[in-house]
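Student: Got a minute to go through a model with me? I'd like to talk about its empty spaces and its packing.

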Amino acid sequence: MLKVFLAGFNGSMGQEVVKLIDSLPDYEITGVLAPHLTSLDPATYQLASSVKMFKKLTDITGQYDIWIDFTVPSAVYDNTKFAIEHNIKPIIGTSGLTDDQTIKLQVLATDKKVGGIIAPNFGLSAILLMKFAQIAAAYFPDAEIIEMHHTDKKDAPSGTAIQTAQIIAQNRNHQPEANFANNPARGADKYGIPIHAVRLPGYVAHEQVLFGGDGEALTIRQDSFDRHSFMHGVRLALEKVSDLHNLVIGLENLI
């Protein structure tokens, strides 16, 4: 039985992870972290009585095999660093890590010989969108991204959109001339690709990549209508993480 520590267990995604782990025979949640707990009694949150509950990193005790993180951008770097330093394999679904922070975590994971995964998105449709965009970029270097999320999402653009832009930039055969500098209405510039972020009630997680060419266009779109859909990717990460020996960026690298 693998012991799972869940940071952000009381959020929308965290609650879905609790249901997932409870349904899997080879995993159990033995520790949780959330800074705004009103009680340290697991029964208050419908958790097993054996689950250890903590409000801050410095209070955490116990041995854990896997760290799953669905918290907030301001906490994710310190959380991931803590997990790696304590030889806990991280599965990170929280966005907001900078490129510099990601590199530091990868170096630390290599030094500690701890494998794990940082995934901006656990939706299989989003992962396939990035795969398809990678292929299309070689033929349609001109691209823009529109991402649409719920109003409670803290970061914009989303980590998924930023990763999609990076993949496109790395795989297109030439760099189109930028024509949107200093024009906020044209979107955020990420790797030379405009990203337009929408935050509205009723949305969950959606992304479009628009490619334009000479006399034709290609649109790739994915829609996540329910947070439960992300659990397919979390389960895949759980199944793969024990075999990883470094910190992998992107769930698409496990497919």
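Student: Which element gives the largest share of the lining of the second largest pocket?

Tutor: Helix 5 does, with 6 residues. Keep in mind that we're looking at a predicted model.

Student: Which other helix supplies at least two residues there?

Tutor: Helix 3, residues 99–112, does so alongside helix 5.

Student: And how much space lies in that second largest pocket?

Tutor: About 680 Å³. The second largest pocket is lined by 28 residues, and the closest to its centre are Asp99, Pro120, Gln163, Gln166 and Ile249. By class, that lining splits into 11 nonpolar, 13 polar and 4 charged residues.

Student: OK, now the largest pocket. How much space is in there?

Tutor: About 1,000 Å³. There are 40 lining residues, with Met13, Phe70, Thr71, Val72 and Thr94 closest to the centre of the largest pocket.

Student: Which helices supply at least two residues of that lining?

Tutor: Helix 1 (12–23), helix 2 (73–85) and helix 5 (159–171). The lining of the largest pocket has 16 nonpolar, 17 polar and 7 charged residues.

Student: Switching to enclosed space: how many cavities of 30 Å³ or more does a search of the whole structure find?

Tutor: It finds 1. About 40 Å³ of space lies in the largest cavity.

Student: What lines the largest cavity?

Tutor: Asn121, Glu147, His149, Ser158, Thr160, Ala205, His206, Glu207 and Gln222. Strand 7 (142–149) and strand 10 (205–213) each give two or more residues to that lining, and strand 10 gives the most, with 3.

Student: How does the lining of the largest cavity divide by class?

Tutor: You get 1 nonpolar, 6 polar and 2 charged residues.

Student: Back to helix 5 for a sec. Why does threonine 164 count as buried?

Tutor: Threonine 164 counts as buried because its relative accessibility is 0%, and the cut-off for buried is under 20%. This threonine is found in helix 5.

Student: What does the side chain of threonine 164 reach at 2.8 Å?

Tutor: The backbone oxygen of threonine 160. Thr160 also shows up in the lining of the largest cavity.

Student: And which residues does threonine 164 touch, not counting those up to four places away in sequence?

Tutor: Leu129, Met130, Ala133, Ile145, Glu207 and Val209. Glu207 is another residue from the largest cavity's lining.

Student: What about threonine 80, buried or exposed?

Tutor: Buried, because threonine 80 has a relative accessible area of 0%. Threonine 80 sits in helix 2. Leaving aside neighbours within four places in sequence, threonine 80 is in contact with Pro90, Ile92 and Leu105.

Student: Let's do the nonpolar packing. Which residues have the most contacts inside the largest nonpolar core?

Tutor: Ile68 and Leu238, in a core of 56 residues. Beyond neighbours within four places in sequence, leucine 238 is in contact with Leu20, Ile21, Leu24, Tyr27, Ile66, Ile68 and Ile91. Apart from the largest core lies another, of 22 residues, and Tyr77, Ala83, Ile92 and Ala109 are among them.

Student: Which residues in helix 6 are buried?

Tutor: In helix 6, residues 231–241, the buried ones are Met231, Gly233, Val234, Leu236, Ala237, Leu238 and Val241.

Student: And what do the buried residues of helix 6 pack against?

Tutor: Helix 1, strand 2 (27–33), strand 4 (66–69), strand 5 (89–92), strand 6 (116–118) and helix 4 (124–137).

Student: Last topic, backbone oddities. Where's the cis peptide bond?

Tutor: Between alanine 156 and proline 157, with omega at about 0°. Proline 157 is in the loop between strand 7 and helix 5.

Student: What is the phi of lysine 113?

Tutor: Positive, about 60°, although lysine 113 is not a glycine. You'll find lysine 113 in the loop between helix 3 and strand 6. Lysine 113 counts as exposed because its relative accessibility is 71%, and exposed means over 50%.

Student: And where is tyrosine 191?

Tutor: In the loop between strand 8 (188–190) and strand 9 (193–199). Tyrosine 191 has a positive phi of about 60° too, and is not a glycine. With a relative accessible area of 32%, tyrosine 191 is partly exposed.

Key: Residues are numbered from 1 along each chain as its sequence is written. This is a predicted model: local features need pLDDT of at least 70, side-chain atom pairs count only at pLDDT 80 or more; totals for chains, interfaces and linings use all residues. Side-chain values use heavy atoms; hydrogens and water are left out. On a 1 Å grid over the protein atoms alone, a cavity is a set of points where a 1.4 Å probe fits but cannot get out, and a pocket is an open set with protein on both sides within 12 Å along at least five of seven lines; lining residues have an atom within 4 Å of a point. Grid points are joined across faces, edges and corners, and a volume is the space filled by probe spheres set on the points. Helices (H or I, at least four residues) and strands (E, at least two) are DSSP runs, numbered from the N terminus. Ala, Val, Leu, Ile, Met, Phe, Trp, Tyr, Cys and Pro count as nonpolar, Asp, Glu, Lys and Arg as charged, and the others, Gly among them, as polar. A nonpolar core is a set of buried Ala, Val, Leu, Ile, Met, Phe, Trp, Tyr and Cys residues joined through side-chain atoms within 4.5 Å. Buried means under 20% relative accessible area, exposed over 50%, partly exposed in between (1.4 Å probe, protein chains only). Contact means heavy atoms within 4.5 Å. A polar contact is a pair of N or O atoms within 3.5 Å; within protein, one must be able to donate a hydrogen and the other to accept it, and residues adjacent in sequence count only if both atoms are side-chain atoms.
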